[in-house]
Amino acid sequence: EEGIPAYRVNPDEIFTHEDMKTPIHSLQGQRHKKYDQLINQGQKWIASQEYDLGRESFFKALNYKETAEAYNLIGWTYSLEKNFETAKNFCLKAIKVDPAHGASYNDLGSYLLSEGQTQESLKWFELAKNSRNYQNREYPYINAGRAYMNLRDYNQALEEFSIALTLTPHNEELHQTVQRLKETLNKGNLFATEAKEVPPPLF
């Protein structure tokens, strides 16, 4: 009586020579590598304005690792198509996966700001500022500055932009925005300044 056949995969088809040296971690390493490849490919598709293909790559990446980054990037693709409601939902999924992922809070605030929900956006920018995991920490300050510009609170806008400048001192556009806003506010009484007299951010 024949037994159950054993199906074996040639290890050379799965692992590189270097991976074979650490078999315990090799499969996980391959998953991380494939995830990174799909994320990078998705970003290239987005740069070419191939939003559907980029989104597909990010969804595929989730099959290898469920991360806030991937969910947030999927939301980003929807925002580029002006589908802010779906974009916001993916930001919330990202936050659920990793509450420390600062970019998700910032992006959610940005989508709210784009929809005209300025006060609500500020709450999310504050959460982004205080998040533990955020590489581009200047972004929520810049976006909060934009929000305060919309609210005509130009002193607070200047403060937000100035803090952002300390975090990214080589940002020339931000330098110019801060300088232009200072010059405008120094021309006269802040409360008498008309919105049309205040230069918009350059970025």
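Trainee: Let's start with Ser131. Which residues does serine 131 touch, not counting residues up to four places away in sequence?

Mentor: A contact here means heavy atoms within 4.5 Å. Once residues up to four places away in sequence are set aside, serine 131 touches Ala100, Gly102 and Arg137. Bear in mind that this is a predicted model, where local features need pLDDT of at least 70 and side-chain atom pairs count only at pLDDT 80 or more, while totals for chains, interfaces and linings use all residues. Numbering runs from 1 along each chain as its sequence is written, and side-chain values use heavy atoms, with hydrogens and water left out.

Trainee: Is serine 131 buried or exposed?

Mentor: The cut-offs go by relative accessible area: under 20% is buried, over 50% is exposed, and in between is partly exposed (1.4 Å probe, protein chains only). Serine 131 has a relative accessible area of 8%, so it counts as buried. Its place is the loop between α8 and α9.

Trainee: How many helices and strands are there in the chain?

Mentor: Both are DSSP runs numbered from the N terminus: helices are H or I with at least four residues, strands are E with at least two. In this chain you get 11 helices and 0 strands. Buried residues make up 40% of its 203 residues. As for contacts with a separation of 6 or more, 47% of them come from residues 24 or more positions apart.

Trainee: How do I read a core, and which residues have the most contacts inside the largest one?

Mentor: In soluble globular proteins, nonpolar side chains tend to be buried together. A nonpolar core is a set of buried Ala, Val, Leu, Ile, Met, Phe, Trp, Tyr and Cys residues joined through side-chain atoms within 4.5 Å. The largest one here has 27 residues, and Ile39, Phe58, Ile74, Leu108 and Trp124 have the most contacts inside it. Two or more residues come from each of α3 (23–47), α4 (51–62), α5 (68–80), α6 (84–97), α7 (102–114) and α8 (118–129). There's also a second, separate core of 19 residues, with Leu122, Ala144, Leu174 and Leu185 among them.

Trainee: What is isoleucine 74 in contact with, leaving aside its neighbours within four places in sequence?

Mentor: With that filter, isoleucine 74 is in contact with Arg55, Phe58, Phe59, Leu62 and Phe90.

Trainee: What should the 13 residues of α7 span?

Mentor: The expected span is 1.5 Å times one less than the number of residues. For α7 that comes to 18 Å, and its end C-alpha atoms are 19 Å apart, which agrees. The helix is also mostly covered, with 12 of its 13 residues buried. The cover includes α5, α6, α8 and α9 (138–150).

Trainee: What is serine 121 in contact with, beyond its neighbours within four places in sequence?

Mentor: Serine 121 is in contact with Gly109, Leu112, Leu113 and Ala147. It's in helix α8, and a relative accessible area of 0% makes it buried.

Trainee: Where do I find positive phi values at residues other than glycine?

Mentor: Try glutamine 49, with a phi of about 65°, in the loop between α3 and α4; at 60% relative accessibility it counts as exposed. Arginine 152 also has a positive phi, about 60°. It's in the loop between α9 and α10 (154–167) and, with a relative accessible area of 57%, is exposed. A glycine case is Gly116, just after α7, with a positive phi of about 90°.

Trainee: And pockets: which residues lie nearest the centre of the largest one?

Mentor: Rolling a probe the size of a water molecule over the atoms shows where empty space is left. On a 1 Å grid over the protein atoms alone, a pocket is an open set of points where a 1.4 Å probe fits, with protein on both sides within 12 Å along at least five of seven lines; lining residues have an atom within 4 Å of a point. Here 17 residues line the largest pocket, and Asn72, His101, Ala103, Tyr134 and Asn136 lie nearest its centre. Helices α5 and α7 are the elements that give two or more residues to the lining.

Trainee: What about Tyr139?

Mentor: Tyrosine 139 is in helix α9 and partly exposed, at 39% relative accessible area. Leaving aside neighbours within four places in sequence, tyrosine 139 is in contact with Asn106 and Tyr134.
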